[in-house]
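Morning, everyone. I have one model to walk through today. Please bring it up on the screen.

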Amino acid sequence: MANYNPTQEMQDYHVFGEFGGVNPSITDSATFTFMTTEKMAQCFGEEVEGCFLYSRHMNPSNRFLAEQLMRMEGTEDAQVMGSGMGAITSCLMQLAKSGDEIVSSRTIYGGSYAFMKNFLPKFGVKTHFVNITSLEDVKAHINKNTKVIYCEAISNPLLEIADIRELRKIADAHNITLVVDNTFSPLCVSPKQLGAHVVVYSMTKFINGTNDCVAGAVCGDHDFVMGMRSVVDGAAMLLGPTLDPLRAASILKNTRTLHLRMKKHSENAMYVAENLEKLGMKVFYPGLPSHPQHELIKSMINPEFGYSGIITIDCKEKDKAEKFMMAMQEAKVGYFAVSLGFYKTLFSSPGSSTSSEIPQEEQDSMGMTPGLVRFSMGIDNDVKVSFDRIVECLKKVGVIK
Ligand SMILES: *Cc1c(COP(=O)(O)O)cnc(C)c1O
């Protein structure tokens, strides 16, 4: 880990355009011509470097973005997808077949939860949802059919931390694949360096950062990712969650400022979290020493990027949370919207939005109370102004005196 420097790797990666352009040319072609019949037949049989068949399989623009992600994670290969869910669902369907089981964290993105809970059983794949902060709970749900341990490095929305190093040891003891969704913490956490076999992303969030499209990625060993692209039995090829190459090109350009953005998101979040806590608010933020797993996450992050930009606070009552969010929108703190990783602060209440797929009694048992407000802190230049506005709004709706 100490000798892996994701930003240097990303900065050193450069591809030129057809005419020497400093950005690679965009290949907006669905299909590719071959000069010999033998070559086409060869490409259907195996992957040939620099040889493209059809854009659902791979396209040069998608390849450039995939290579950038490989460099960020330090994985051998990557495949970019049309959405985060496209990446997660095809990855899990590649790893699990009928009769297999998954052990998943229960505090994950609502769509991932719903997919494992409601969709995969149609294909005979069962998921046990566990408290990922309890390694005992994880171990207790593993059996001979377990094929995958699934978690988020920093989870949605309570910001629990998965101990990737320890989970890898459990996975190794049972020949299980450890899949980590690192959507909340690109650059901050390098899951592969800590032991994840496969790293999945919704690039819709921080990685792209401009909220102009949905996109996803799967990063892993060459054999696994190539298997996902297989024309015979690969989920990325056969389910068709392909990313449009025009989008891939624009996301690649946005990755060049990811390091600056992550630092600023983290810095702003730390400021707001610390100061809201001082005012007596209940604040969930991994960078705070009061976070139950602060020491663990501290041992996992790449320190210069901080603890990422997501904060969850508890306004105690649903009604107050709602009024608070409307007041913040009015006061130009940011937007009342789901999603995260935008230049502007975004806020929503998890129980009635991004985690609404999770049944109420399960929300209760995970500690997801109705007054929660999740913030994705923006890259505001002067966070003190934003903080003052947040405090004004909290006072206005009576959350604090
Ligand atoms: C948004 C999100 C997803 C889903 O990604 P899409 O790009 O919306 O399909 C998956 N995991 C996490 C943690 C997310 O925040």
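How much area does the protein chain expose, and what share of it do carbon and sulfur atoms supply? The exposed area is about 16,800 Å². Carbon and sulfur atoms supply 53% of that. Bear in mind that this is a predicted model.

Now the overall fold. The protein chain has 16 helices and twelve strands. Its radius of gyration is 21 Å, close to the 21 Å that the globule rule gives for 401 residues, so the chain is as compact as a globular protein of that length. Along the principal axes, the C-alpha trace spans about 75 × 55 × 35 Å.

On burial: of the 401 residues, 57% count as buried. Contacts next. Take those between residues at least 6 apart in sequence. Of these, 70% join residues at least 24 apart.

Charges, quickly. The chain carries 39 positive and 45 negative charges. Their mean positions are 5 Å apart.

On to the cysteines. How many disulfides does a search of the whole structure find? Zero. Look at C315, which is in no disulfide. The nearest cysteine sulfur to it belongs to C393, 11 Å away. Why does that rule out a bond? A disulfide here needs the two sulfur atoms within 2.5 Å, so a pair 11 Å apart does not count. C393 is likewise in no disulfide, and its nearest cysteine sulfur is that of C315. Are these two cysteines buried or exposed? C315 is buried, with a relative accessible area of 1%. C393 is buried too, at 4%.

Next, please find H265. It lies in helix 12, residues 258–278. H265 is buried, with a relative accessible area of 1%. Which residues does H265 touch, leaving aside those up to four places away in sequence? The list is F206, S308, G309, G341, F342, M377, G378 and I379. Now compare D233. H265 and D233 are 32 residues apart in sequence. In space they are 40 Å apart, C-alpha to C-alpha.

Step back to helix 11, residues 245–255. This helix is mostly covered, with eight of its eleven residues buried. The buried ones are P245, A248, A249, S250, I251, L252, N254 and T255. What do they pack against? Three helices: helix 1 at 6–12, helix 3 at 60–73, and helix 12. Helix 12 is where we just found H265.

Last topic: backbone details in the loops. Go to the loop between strand 4, 146–152, and helix 7, 164–173. P157 is found there. The peptide bond from N156 to P157 is cis, with omega near -5°. L159 lies in that loop between strand 4 and helix 7 as well. Phi of L159 is near 60°, a positive value in a residue other than glycine. Is L159 buried or exposed? Buried, with a relative accessible area of 0%.

Then S339. This serine is found in the loop between strand 10, 334–336, and strand 11, 345–348. S339 is not a glycine, yet its phi is positive, about 80°. Its relative accessible area is 15%, and the cut-off for buried is under 20%, so S339 counts as buried.

To recap the loops: a cis bond from N156 to P157, a positive phi at L159, and a positive phi at S339. That's my tour. Over to you.

Notes. Residues are numbered from 1 along each chain as its sequence is written. This is a predicted model: local features need pLDDT of at least 70, side-chain atom pairs count only at pLDDT 80 or more; totals for chains, interfaces and linings use all residues. Side-chain values use heavy atoms; hydrogens and water are left out. Helices (H or I, at least four residues) and strands (E, at least two) are DSSP runs, numbered from the N terminus. The radius of gyration is taken over C-alpha atoms; the globule rule is 2.2 Å times the number of residues to the power 0.38. Buried means under 20% relative accessible area, exposed over 50%, partly exposed in between (1.4 Å probe, protein chains only). Contact means heavy atoms within 4.5 Å. Accessible areas come from the Shrake-Rupley method with a 1.4 Å probe; for residues, only the protein chains shown count as cover. Lys and Arg count as positive and Asp and Glu as negative; His and the chain ends are not counted. The place of a charge is taken as NZ of Lys, CZ of Arg, CG of Asp or CD of Glu.
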